[in-house]
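Trainee: Please take me closely through one part of this predicted model. I would like to look at the place where the two chains meet.

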Amino acid sequence: MTASQIIFYILSAFILGTAILSVTTTKIFRSAIWLLFSLIGVAGLYFWLEVEFIAAVQIVVYVGGIVVLIIFSIFLTQQSGKEMVKPPMLRLIASVLAVLFGFALTYFLIYKNDFQAGDKSFDWTVNKIGTQMLATGENGYALPFEVVSILLLAAMVGCIVIAIKAPAEVSSTGTNEQQPSNIENLKEKEIVEGL
Amino acid sequence: MTDIPISHILFVSTALFFIGMYGLFTRRNMITMLMSIELILNSVNINFVVFNKYLYPDKLDGIFFTIFIITIAAAEAAVAIAIIINLYRSHRSIDVETAEEMKY
């Protein structure tokens, strides 16, 4: 067993173990931290595969961005020390069975297919990735790149619109025609309250 | 690097996918369901990189798909968390069972 193999099996055990802990622990904050470790393990797997660029993107975007976002939203929405309700036993058993059967079927198909690695070495450089990403000709990815940039802009605007606090009811419906009636209503209310 | 068969790496990604599926089935809290979706997307990314590296080493398409999936996952997480926070403001809960107005 070479060092490369040992590193791969340790990394795999780390990824799968922390992922299982992440979906089974009952405290939501711990779940987020286990997810963080699992994502770091996946970045380590990319390093092992010698695709350092993807590993760096994984660390920057997932570990530095998404997990921090999730942790912030946990702080905003609930007490992090509180235990989550456990799912009912029937649902647990059914999901374990479904997952096991799905895994067995998928891995059986992969095992039967018997993928064979070629002899050629994988030659990527950041230079090649950047050139092909912005190429407009054959095999160029300029169009998806632009579409994704529009998607990011739309997501940003959508987030602001969804998460912004709704203004008070009176100011949102305060057109010129409705304002007098509002004022009349207010006056009526005052009169009624005065009485 | 070729001393590990491809099926062993695919075992890791398949197992990660189904761990994410398990979380999606059992959890009823929206944030933890979002975390399960992140696990699933990660397993897909591993698949793309491995197939590109071992089966088509002279192309770069798997790398591009991985980059785009990571980008879209970030956008999706941001929108999902905005929706979750908005839902929490109106319902005081982020359990999927309590958010059922759209059902009717």
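Mentor: Start with chain A. Chain A holds eight helices and zero strands. From the N terminus on, its elements read α-α-α-α-α-α-α-α. The domain assignment splits chain A into domain 1 (1-83) and domain 2 (123-173). Taken over C-alpha atoms, the centres of these two domains lie 25 Å apart. Of the 195 residues of chain A, 18% count as buried. Look at sequence separation next. Among contacts in chain A between residues at least 6 apart in sequence, 49% join residues at least 24 apart.

Now the contact between the chains. Chain A puts in 68 residues, and chain B puts in 60 residues. On the chain A side, six elements each supply at least two residues: helix H1 (3-24), helix H2 (28-48), helix H3 (52-77), helix H4 (89-113), helix H5 (126-133) and helix H6 (142-163). H3(A) gives the most, with 12 residues. By residue type, the side of chain A that touches chain B divides into 47 nonpolar, 18 polar and three charged.

Go inward from there. The largest nonpolar core has 56 residues. Tyr46(A), Ile31(B) and Val49(B) have the most contacts inside this core. Both chains feed it: H1, H2 and H3 of chain A and H1, H2 and H3 of chain B each supply at least two residues. H2(B) provides the largest share, 11 residues.

Take Tyr46(A) on its own. Set aside its neighbours within four places in sequence. Tyr46(A) is then in contact with Val51(A), Ile54(A), Ala55(A) and Gln58(A) in chain A, and with Val49(B) across in chain B. Val49(B) is itself among the residues with the most contacts inside the core.

Then follow H2(B), residues 30-55 of chain B. Of its 26 residues, 20 are buried, so H2(B) is largely enclosed by the rest of the structure. Its length checks out too. At 1.5 Å a residue, the helix should span 38 Å, and its end C-alpha atoms are 37 Å apart, which agrees.

How far does the predictor back this? Chain B averages a pLDDT of 89, and 95% of its residues score at least 70. Among the elements of chain B, helix H1 (residues 6-26) has the highest mean pLDDT, 94, and helix H3 (residues 61-91) the lowest, 90. For the complex, the predictor gives an ipTM of 0.91 and a pTM of 0.84. One caution on reading any model of this kind: where pLDDT is low, the predicted coordinates should not be read in detail.

Definitions and conventions:
Residues are numbered from 1 along each chain as its sequence is written. Chains are lettered from A and ligands numbered from 1 in the order in which they are written. This is a predicted model: local features need pLDDT of at least 70, side-chain atom pairs count only at pLDDT 80 or more; totals for chains, interfaces and linings use all residues. Domain bounds come from an automatic or database domain assignment. Helices (H or I, at least four residues) and strands (E, at least two) are DSSP runs, numbered from the N terminus. A residue is buried if 20 or more other C-beta atoms lie within 10 Å of its own, exposed if 12 or fewer, and partly exposed in between; C-beta atoms are placed from the backbone. Two residues are in contact if their C-beta atoms, placed from the backbone, lie within 7 Å. Ala, Val, Leu, Ile, Met, Phe, Trp, Tyr, Cys and Pro count as nonpolar, Asp, Glu, Lys and Arg as charged, and the others, Gly among them, as polar. The expected span of a helix is 1.5 Å times one less than its number of residues. pLDDT is the predictor's confidence in each residue, from 0 to 100. A nonpolar core is a set of buried Ala, Val, Leu, Ile, Met, Phe, Trp, Tyr and Cys residues joined through C-beta atoms within 7 Å.
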